[in-house]
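Open the model in your viewer and keep the selection tool handy. We'll go from the whole chain down to single side chains.

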Amino acid sequence: MKRIMIFSLALLLALFLAAPAFAAKYGLSDAYDGCKLTLAAQYPAEGKAQSAVVVAEGKGFRQLIFCRRGASGLAPVESSGAALPQPDDERGYAVEMSDADSFTLSWLSPDGAQEAAYTFAQSAWTDETGAEKQGLALRSAVFSGGSARFDREWDEGLTFRAGDTSVSLPINVPLSGFGPGALPRTAGQARRLAAALQAGYPALSAQTPIKTEKAVSLPVYAAPSEGAYRAANGKAAAALQTGVSLWGGAAPDNAWLLIEYEINPAVSRVGFVSPWAYKTSAEQETVASLTLSPRLARVAEDTFLTDDPQHGQRALAQLSAGSAVTLLAALNPLWAYVETEIDGQFACGFIPLMSIDADVSALAPEARIPGQWKGYAGGAGDALYFFADGTYLADEGYSETRRTWRVVPLTDELMEQEKFWEKPDYVLLLEDGGASRAVGLSFASVNAGEAASDPLFPAGTDMLNFIYGDEGGGGYVRTLQTPPITQEEYDEAHG
């Protein structure tokens, strides 16, 4: 099906209004000064509009804004920074309105053929926290001439259909968080999303705004470490006076804060700052810790990593099918918060939840061990940090040297030699110079009972169980990585 955008004379005249006058007409703030503003559709099509869809285009972004008439005129109600093809995308779009409370957005191929049609309508639903919500939400979606589609057939979810496959998904997708890149288009994606939603991963959510007593700009890292990846060519920074939301504290003693800050009206960034770099008020010194359950997972298909899941959803990096990530939490209904690497540096970000495969049983043990582990039970030490290159550290902090580790199969000879009191899955050899220690190794996860006794480690968090010879052992849980750095690396980072 082909569609061509046709504008009425009134719409064409609107294109030539000066940006400030256009912005004022639709109740937009001065944040849109300098943007190209276009009236994509209005209802009714002629005369005094009761509602309208406006498109704002600025440097590197294109945003869809839904406006509704109130007592003082038209004003923005909801927006999405990822609903439209972005300026560097050759695809087009068309918007149609049949009433004041809904609209249909079509994505068009470069030759004008319709690739998908998304209909949004005024809706009411209950979110994952139990809060009652109202607003524009996805009512239906049709892909590639009807080969697959979504329909909102019940109050609390969508039904996906493709051929003979039907998958019920207990999700609602508000316009403000919509992006086609995270929405299933195949039966496999829909089934993986359904499985992930049933897994009960801890949910992330924004908390309170941060305000400081003085102007301050802090460097923002993609993981809680000064050795982690830093976006914007290593210059990502947040001005904490305005437009910053606190998500929670991470790492020991909340030494890092996860925040979200605005870059422009359509683009935000989620990342970590160190709270010790500025003086907080008394109310901000007590910060709720993030609830994370780090567990290894596989990427089921080629996908993208973003640090802006709720707005622009631009790609920060590409992840290949089969690669391993550490799944930390979910940002419902469509995103997984994961830990990975970008250009050899640790980074946390968001990938579509439909891209997660939580079954890692087929992975070799050498692929399941790397990461940071905290002593949890029995005779475990404080912490272990295993690197993928076969080295490890037995504590956190600075280190100039590393020891080595390797996994070997469990044999009858090793079982007899080490006199393991319980049969492990593997044997882990921890080597330091010429000395070597054999430890029985088994993979597990925190169960519901253990999680209830220690809320810092939710059910499902990865565990390593060590068996020490004929008696004793220890348990370690996977934690968010705060990579140890050398004194030289610290001095270099701080100039």
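Here is a tour with a few stops, starting with the whole protein.

**Before you click**

This is a predicted model, so keep the filters in mind: local features need pLDDT of at least 70, side-chain atom pairs count only at pLDDT 80 or more, and totals for chains, interfaces and linings use all residues. Residues are numbered from 1 along each chain as its sequence is written, and side-chain values use heavy atoms, with hydrogens and water left out.

**Stop 1: the whole protein**

Show the cartoon: there are eight helices and 31 strands. Both are DSSP runs numbered from the N terminus, with at least four residues for a helix (H or I) and at least two for a strand (E). Now switch on the surface, which comes to about 22,800 Å², with 49% of that belonging to carbon and sulfur atoms; the areas come from the Shrake-Rupley method with a 1.4 Å probe, and for residues only the protein chains shown count as cover.

Of the 495 residues, 51% are buried. Buried means under 20% relative accessible area, exposed means over 50%, and partly exposed is in between (1.4 Å probe, protein chains only). Among contacts with a separation of 6 or more, 51% are between residues 24 or more positions apart, a contact being heavy atoms within 4.5 Å.

**Stop 2: two cysteines**

Select Cys 35 and Cys 348. Cys 35 has 10% relative accessibility and counts as buried; Cys 348, at 2%, is buried too. How many disulfides does the structure hold? Zero, going by cysteine sulfur atoms within 2.5 Å.

**Stop 3: a three-stranded sheet**

Next, select 244-250, which is strand E14, and 267-273, which is strand E16. Add residues 256-264 for strand E15. Together they make an open sheet in the order E14-E15-E16, with antiparallel pairing. E14 and E16 stand at the edges with a single partner strand each, so one side of each has no neighbour in the sheet. Look along the sheet and you'll see the twist, averaging 25 degrees from one strand to the next (axes are lines fitted to C-alpha atoms, for helices over the stretch in contact, and angles run from 0 to 180 degrees between N-to-C directions).

E15 and E16 are joined by seven bridges; strands count as paired if DSSP finds at least two bridges between them. To find your place, pick Ile 259, which stands opposite Gly 271 in E16.

**Stop 4: charged pairs**

Show the side chains of Lys, Arg, Asp and Glu. A salt bridge here is a side-chain nitrogen of Lys or Arg within 4 Å of a carboxyl oxygen of Asp or Glu, and the count comes to 15.

- Arg 91 and Asp 89: the closest N and O atoms are 2.7 Å apart. Arg 91 is partly exposed at 29%, and Asp 89 is partly exposed at 22%.
- Asp 357 and Arg 298: the closest N and O atoms are 2.9 Å apart. This pair links strand E23 (residues 356-357) with strand E17 (residues 295-299), and its partners are 59 residues apart. Asp 357 is partly exposed at 24%, as is Arg 298 at 25%.
- Glu 431 and Arg 406: the closest N and O atoms are 3.1 Å apart. Glu 431 lies in strand E28 (residues 426-432) and Arg 406 in strand E27 (residues 403-409), so the pair ties together parts 25 residues apart in sequence. Arg 406 is partly exposed at 41%.

For the last selection, take Arg 269, Asp 307, Asp 308 and Arg 314: they are linked in a network of salt bridges.
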